[in-house]
Each structure stands twice: as structure tokens, then as C-alpha cells.
Amino acid sequence: LNYQFSTINYQLSTVNYQLSTINYMKTAFITGASSGIGEACARKFAENGYRLILNARNEQKLQAVADGLKKEFGTEVLTLLFDVREREVARKAIETLPNEWKAIDVLVNNAGLALGLEKEYVGDFADWDTMIDTNIKALLSITRFVVPMMVERGKGHIINIGSVAGDVAYPNGAVYCATKAAVKTLSDGLRMDLVDTPLRVTTIKPGLVETNFSVVRFHGDKERADNVYKGINPLTGKDIADCVWFAASAPEHVQVAEILVLATHQASGSLTYRK
Ligand code: NDP
Ligand code: 8X3
């Protein structure tokens with residue numbers, strides 16, 4: 001009888017293990033998921049069976065992304081509607097996540113923008129503040145709120161969206177370029193500070209990607225924005241999501257530190273060939 005009980009116990013524990021494997025669903029938290037690269041990343045992670053915490057400010061657009069993924073892939077989505085610059089709102093939203101959503105496996109710090117294209121000595125102060133507050137300070141806040149939970153679990157991957165603009169400045173873009181140089185440096189520093197943990201840090205540095213980026217940069221001037229991509233076959237949000245996924249899906253002992261990805265007719269932030 002004892003032998004039979006221990007066999008049953010063994011079988012039950014095997015079933016339990018299998019159930020917990022089936023139930024374990026990875027979670028990705030993506031900021032700026034209502035458009036462009038963030039939206040494409042949400043789709044990529046959804047396709048690969050993740051559940052998603054999606055953030056942005058535009059409720060209608062974010063909800064449309066969430067509803068689309070729920071319908072197409074059956075993805076569980078939690079939307080967090082806030083401006084990443086509002087530190088205390090971000091803190092509260094993350095601290096009050098339901099427990100089952102706190103186990104974040106991948107954080108994609110993507111929310112960001114460029115505003116204006118002007119010489120540094122005549123640039124607009126409000127544009128500068130918005131870029132610095134969003135691309136640097138907010139990325140840092142979200143990192144500060146999420147990473148301690150990852151360290152506690154001994155599991156996690158932080159993927160920061162930098163830019164080719166962070167490698168070398170281009171004319172009229174100094175402040176945006178400086179914010180993206182900061183993203184690279186913050187990622188490098190974080191990687192060093194996490195070196196004694198299983199966590200990984202990746203910076204993705206895209207070149208020209210056709211999204212809403214230039215419309216935002218030119219304060220809604222769609223014609224001027226379209227000209228940025230004329231005569232060159234630009235990257236798409238999906239191309240960048242593929243790079244993000246390459247890093248996220250690498251074996252656990254592989255830390256993809258950086259990916260610089262350009263359009264084929266682009267050689268740097270300031271050199272492109274246009275037909
Ligand atoms: P989009 O304008 O298409 O998307 C930007 C996303 O960021 C939107 O979802 C927007 O949502 C969100 N966002 C902006 N500000 C805030 C904020 N304060 N709080 C919360 N969400 C915010 O541009 P991209 O997809 O191209 O840009 C994504 C990232 O990629 C940026 O960091 C950008 O610098 C970087 N990048 C872009 C390149 C390009 O050529 N397009 C190249 C290299 C890097 P909402 O407005 O709803 O808040
Ligand atoms: C966006 C790419 O070259 O338009 O970071 O600045 S670029």
C-alpha cells in the first residue's frame with residue numbers, strides 16, 4: 001500500500017509540475033505601445049505567447065492595440081494609461097499592479113520622441129525639456145520602479161530603445177541625439193550594476209524607421225514628415241520588433257548588449273542615399 005501511495009504521490013507531483021509549466025506565462029511591459037515600434041513589439045510578444053502590460057497616453061489608440069491583440073492571439077493585456085514623465089503616477093501604477101502581473105520578464109523602455117529640428121543655439125526650451133524628461137528621466141523612473149522586482153525574482157530583461165542618433169550627433173538634432181546617447185550610457189551602467197545577477201540589458205539602436213516619429217517631431221506637419229522617408233526604403237516598426245525579439249528570445253546565458261540597425265541606404269544618422 002505504501003508503495004502505491006508513493007507512486008501516486010510521484011505521479012501527482014509530475015502532473016503539478018506539468019500544470020505549472022503550462023500555466024507559467026511570461027509577461028512583457030512595453031512603454032509607448034500605442035504606435036510605431038512599441039505597438040510592433042506588443043504584437044511580436046503577443047505572437048510568442050506573452051501576456052502584456054501596455055502603456056501610453058492616448059487611450060483610444062492603446063485600447064485599439066490591446067483589443068486587436070486580444071482578438072487575434074487571445075493575449076491577456078493590462079493597459080496602463082499614464083504619461084511616463086509623471087513619476088509618482090508611474091510609481092503608483094507599477095506598485096499597485098495585481099500580484100500576478102508583477103512578475104515582469106521583459107521591460108521594453110520604448111516611449112520617447114524627438115521634437116523639432118533646429119540649430120542648438122536657437123532651439124526651443126519646451127521641446128528640449130519634453131525630450132529630456134521623456135527619453136531620459138522617464139526611462140530612468142520606469143527602470144527604477146520595475147528592476148528591483150526583477151532583481152528580487154532573479155529574472156528579467158531590460159530592453160531600451162536607443163538610436164543611431166545616440167552614437168554620433170547630426171546637425172540640428174543635438175538635444176535628441178544627446179538623449180539617445182544617454183539611453184546608451186544608462187543601459188551600459190545598468191548592465192554593470194546587474195552583472196552579479198541573471199538579469200540582462202539590451203540597447204536597440206535603430207536608424208530611420210517610418211512610424212509616427214517624424215509627424216510628432218514636426219508638430220503634426222505630415223508632409224514634412226513624409227519627406228524624411230522619401231526615396232529611401234525605411235525600416236518598419238516590425239523590423240525593430242524583430243531585433244527586440246532576437247535579444248529577448250536568446251538563450252539565458254546570451255546577453256545581446258546592443259543592436260545597431262539601419263536602413264540599407266543609410267550609413268549613419270546623417271548620411272543616406274536617396275533615389
Ligand atoms: P511613435 O511616435 O510612432 O511612437 C511613440 C510612442 O511613445 C507612442 O506610443 C506614444 O504614445 C509614446 N509616448 C510618447 N511620449 C510618451 C509619454 N510621455 N508617456 C507615455 N508614452 C509616450 O514613434 P516610434 O515608434 O518611432 O518611437 C518609439 C521609440 O523609438 C522612441 O523612443 C524613439 O526615440 C525611438 N526611435 C525611433 C526611430 C524612428 O526613426 N522612428 C529611430 C530610433 C529610435 P502616446 O502618444 O499615446 O503617449
Ligand atoms: C530616430 C532616428 O535618425 O531620425 O532616432 O534620429 S533619426
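The following exercises, with worked solutions, concern ligand 1 and the empty spaces of a predicted model.

**Exercise 1. Characterise the residue shell around ligand 1 and its composition by class.**

Solution.
Step 1. The shell is taken with a cut-off of 4 Å between heavy atoms. It holds 31 residues, and S35, R57, N110, Y176 and T211 come nearest to ligand 1.
Step 2. Sorted by class, the shell contains 13 nonpolar, 14 polar and four charged residues.
Step 3. The elements that give two or more residues to this shell are α2 (36-47), β2 (51-56), α6 (174-193) and α7 (213-217).

**Exercise 2. Identify polar atoms of Y176, G207 and V209 that lie close enough to oxygen atoms of ligand 1 to count as polar contacts, and state how far the protein covers the ligand.**

Solution.
Step 1. The cut-off for a pair of N or O atoms is 3.5 Å.
Step 2. For Y176, a polar side-chain atom is placed 2.7 Å from an oxygen atom of ligand 1.
Step 3. For V209, the partner is a polar backbone atom, at 2.9 Å from a ligand oxygen. For G207, a backbone N or O atom lies 3.3 Å from an oxygen atom of ligand 1.
Step 4. As to cover, ligand 1 taken alone exposes 880 Å², and the protein buries 94% of that area.

**Exercise 3. Determine which pocket ligand 1 takes up, and describe the lining of that pocket.**

Solution.
Step 1. The space taken by ligand 1 is the largest pocket.
Step 2. The volume of the largest pocket is about 1,100 Å³.
Step 3. Its lining consists of 50 residues; G112, L113, A114, T211 and F213 lie nearest the centre. T211 is also among the residues that come nearest to ligand 1.
Step 4. At least two lining residues are supplied by each of α2, β2, α5 (125-153), α6 and α7. The element that gives the most is α7, with four residues.
Step 5. By class, the lining comprises 22 nonpolar, 21 polar and seven charged residues.

**Exercise 4. Give the volume and the lining of the second largest pocket.**

Solution.
Step 1. The volume is about 260 Å³.
Step 2. The pocket is lined by 16 residues, of which K26, K155, G156, R200 and E252 lie nearest its centre.
Step 3. The lining divides into seven nonpolar, four polar and five charged residues.

**Exercise 5. Establish how many cavities of 30 Å³ or more the model contains, and describe the lining of the largest cavity and of the second largest cavity.**

Solution.
Step 1. The count comes to two cavities of 30 Å³ or more.
Step 2. The largest cavity has a volume of about 110 Å³. Of the 17 residues that line it, L115, E118, W128, M131 and N172 lie nearest its centre.
Step 3. Both α5 and α6 supply at least two residues of this lining. The lining of the largest cavity has seven nonpolar, four polar and six charged residues.
Step 4. The second largest cavity encloses about 40 Å³ of space. Its lining is made up of T31, V84, N109, N110, A111, T134, A138, L139 and I142.
Step 5. α5 gives the most to the lining of the second largest cavity, with four residues. By class, there are five nonpolar, four polar and no charged residues in this lining.
Step 6. N110 lines the second largest cavity, and N110 is also one of the residues that come nearest to ligand 1.

Methods. Residues numbered from 1 in each chain as written. Chains lettered and ligands numbered in written order. Predicted model: local features only at pLDDT ≥ 70, side-chain atom pairs only at ≥ 80, totals over all residues. Heavy atoms only, no water. Polar contact = N/O pair within 3.5 Å; in protein donor to acceptor, adjacent residues only side chain to side chain. Areas by Shrake-Rupley, 256 points an atom, 1.4 Å probe, with all protein chains shown as cover. 1 Å grid on protein atoms, 1.4 Å probe; cavity = no way out; pocket = protein on both sides within 12 Å on 5 of 7 lines; lining within 4 Å. Sits in = over half its atoms within 2 Å of the grid points. Nonpolar A, V, L, I, M, F, W, Y, C, P; charged D, E, K, R; others polar. Points joined across faces, edges and corners; volume = space filled by probe spheres on them.
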